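Work through the three exercises below with the sequence and the structure in view. Each task is followed by its solution in steps.

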Amino acid sequence: MVTGERRTLYPRIEPYRSGWLDVGDGHSLYWELSGNPEGKPAVFLHGGPGAGCSPDHRRLFDPERYNVLLFDQRGCGRSKPHASLEANTTWHLVADIEKLRELAGVEQWLVFGGSWGSTLALAYAQKRPERATGLILRGVFTFEQYEVDWLYRPGGASQVYPDKWEAFLEPILEGERDDLVAAYGRRLDDPDPQVRLTAARAWSRWEAEVVTLLPNPQLVAASVEDGHAVAIARIENHYMANRGWLEDGQLLRDAAKIRHIPGIIVQGRHDTCTPPVAAWNLHGAWPEANLRIVPDGGHSFAEPGILDGLVRATDELADHSPGR
């Protein structure tokens, strides 16, 4: 759809198929297929890690031209068991994507990932480059240490949001604040459910405060809802503590494996969750990718400039290569 000069979401659409897939390790993933069953295959990788898919994510794709699979990653959304950390790593998720591709009955597909989803998209495409017909990335996060530090140590986002940072520090004793990821991890695993919930809400609220260019009270309120907060905080902390099970610099080093794959990177200039330098560094390692910096964009996919860039990107790659 077009509003003025900027693209917006396609009309609301319901899945034509959905279900749960047993991927082993006790995990059952919710999945759904939307759009045209004969259209170009695509897979949508949500952020977090620990978030989930929403109905609006379906609307990033032209329903006449795409056959898009959305799924909730391990422990997320409607997948079961909720907020589970067992057998929940980047490489488990990469294997899950392949199982979902087989379920969808396609040989290749467009891979779309935003925020943590961009990390997962890169890891998947570098592991299975023959499966990706294209990549669309938003709010790039390559899991370099400086990116983790930007959010969870003084000197990064804390300098932009000092008031919100103070609230993030509140559940943590002063003597533990040298390593907030570890300190939060202890509280998120505390035997007292109230300690766990307080920590989960503070962790999730901090992220929700920094992902939009302008304040979004509705998003912040949703972030502290019990189920959402627990999944985001537990899974995200788990991944941060383990550096995403990636070697230092791995995603940039292995960009050579995907340089033949068409790619579009949509990055907000004022993204204070995943700073633009990560997208810039990725573009340096993958110069064939089209880097589009949105001058009035933050991190959230729903911001007008970011949304415009993403819908244009899916339209642009819809007919780029055969899907089946």
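Between two axes, angles under 35 degrees count as roughly parallel, over 145 as roughly antiparallel, 65 to 115 as roughly perpendicular and the rest as oblique. The model used here is predicted.

**Exercise 1.** State how helix 7 and helix 8 are oriented to each other, and sort the residues of their contact into nonpolar, polar and charged.

*Solution.* Step one: the two helices pack at an angle of about 140°, and their axes are 8 Å apart. Step two: an angle of about 140° falls in none of the three named ranges, so helix 7 and helix 8 are oblique to each other. Step three: helix 7 makes the contact through Val181, Tyr184, Arg187 and Leu188, and helix 8 through Val195, Arg196, Ala199, Ala200, Ala202 and Trp203. Step four: these residues divide into 8 nonpolar, no polar and 2 charged.

**Exercise 2.** Is glutamate 209 buried or exposed, and which residues is it in contact with beyond its neighbours within four places in sequence?

*Solution.* Step one: glutamate 209 lies in helix 8. Step two: the cut-off for buried is under 20% relative accessible area; glutamate 209 has 16% relative accessibility and therefore counts as buried. Step three: with those sequence neighbours left aside, glutamate 209 is in contact with Tyr161, Lys164 and Val220.

**Exercise 3.** Find which residues of helix 4 are buried and what they pack against.

*Solution.* Step one: in helix 4, residues 145-152, the buried ones are Glu147, Val148, Leu151 and Tyr152. Step two: they are on the same side of helix 4, because they cover an arc of only 115° around the axis. Step three: their packing partners include helix 5 (157-160), helix 6 (162-169) and helix 12 (276-285).

Technical notes
Residues numbered from 1 in each chain as written. Predicted model: local features only at pLDDT ≥ 70, side-chain atom pairs only at ≥ 80, totals over all residues. Heavy atoms only, no water. Buried < 20%, exposed > 50% of the residue type's maximum accessible area, 1.4 Å probe, protein only. Helix = DSSP H or I, 4+ residues; strand = E, 2+ residues; numbered from the N terminus. Arc of directions from axis to C-beta. Contact = heavy atoms within 4.5 Å. Axes fitted to C-alpha atoms, helices over the stretch in contact; angles between N-to-C directions. Nonpolar A, V, L, I, M, F, W, Y, C, P; charged D, E, K, R; others polar.
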